[in-house]
Amino acid sequence: MIHIKKTYKPYIIEIDIKGHAGYEEQGKDIVCAAVSALAQGILCYLEKMGMVEGKRVESGHLHMTLKMREMTIQMTDMLFMACEEIEQSYPGSVEVDIGNQ
């Protein structure tokens, strides 16, 4: 299962995405591919906009620390809304946790 968590801290937003969906074998898993594409696309955009304080990208784990700005709030809200849709379409593959707000 992919666990996706958003945590608000003073002046930053942390996003942590861990695990594998287990929907299909690794390399063919459309759920993992969907979540990865969304998260990495947002990370790339926010990096270009200077909003990333830190990141860690490994197999099965993506962590980003973002500046708390209106843009990052909107982009991470979009990421979580899309992942919630994936969670509903593929139960047991994704778990979304919005954490503290």
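**Strand pairing, core and pocket**

In this predicted model, Ile4 has Val96 of β5 as its bridge partner. That bridge belongs to a parallel pairing between strand β1 (residues 2-9) and β5, which runs over 4 bridges. Strand β5 itself covers residues 94-97, and its side chains alternate. Val94 and Val96 point to one face and are buried, while Glu95 and Asp97 point to the other face and are not buried.

Some of these residues turn up again in the largest nonpolar core. This core holds 25 residues, and the members that touch the most other members are Ile2, Ile4, Ile15, Ile17, Val35 and Val94. Two or more residues come from each of β1, β2, α1, β4, α2 (70-89) and β5. Helix α1 gives the largest share of the core, with 7 residues.

Ile2 is worth a look of its own. Leaving aside residues up to four places away in sequence, Ile2 touches Ile17, Lys18, Gly19, His20 and Ala21, then Val31, Cys32 and Val35, and finally Ser93, Val94 and Glu95. Among these contacts are Ile17, Val35 and Val94, which are listed with Ile2 itself among the core members that touch the most others.

Next comes the open space in the model. The largest pocket has a volume of about 190 Å³. It is lined by 15 residues, and Ile17, Ser36, Gly60, His61 and Leu62 are the closest to its centre. Ile17 thus features both here and in the core. At least two lining residues each are supplied by β2 (12-18), α1 (30-48), β3 (52-58) and β4 (61-67). As with the core, α1 makes the largest contribution to the lining, here with 5 residues. By residue type, the lining splits into 7 nonpolar, 6 polar and 2 charged.

Two residues round off the picture. Gly41 sits in helix α1 and is partly exposed, at a relative accessible area of 37%. Gly41 and Glu14 are 27 residues apart along the chain, and their C-alpha atoms are separated by 16 Å. Tyr11, in turn, lies in the loop between β1 and β2. Its phi is near 70°, a positive value in a residue other than glycine. Most residues other than glycine have a negative phi. Tyr11 counts as exposed because its relative accessibility is 72%, and the cut-off for exposed is over 50%.

Note on methods
Residues are numbered from 1 along each chain as its sequence is written. This is a predicted model: local features need pLDDT of at least 70, side-chain atom pairs count only at pLDDT 80 or more; totals for chains, interfaces and linings use all residues. Side-chain values use heavy atoms; hydrogens and water are left out. On a 1 Å grid over the protein atoms alone, a cavity is a set of points where a 1.4 Å probe fits but cannot get out, and a pocket is an open set with protein on both sides within 12 Å along at least five of seven lines; lining residues have an atom within 4 Å of a point. Grid points are joined across faces, edges and corners, and a volume is the space filled by probe spheres set on the points. Ala, Val, Leu, Ile, Met, Phe, Trp, Tyr, Cys and Pro count as nonpolar, Asp, Glu, Lys and Arg as charged, and the others, Gly among them, as polar. Buried means under 20% relative accessible area, exposed over 50%, partly exposed in between (1.4 Å probe, protein chains only). Two strands pair if DSSP finds at least two bridges between them. A nonpolar core is a set of buried Ala, Val, Leu, Ile, Met, Phe, Trp, Tyr and Cys residues joined through side-chain atoms within 4.5 Å. Contact means heavy atoms within 4.5 Å.
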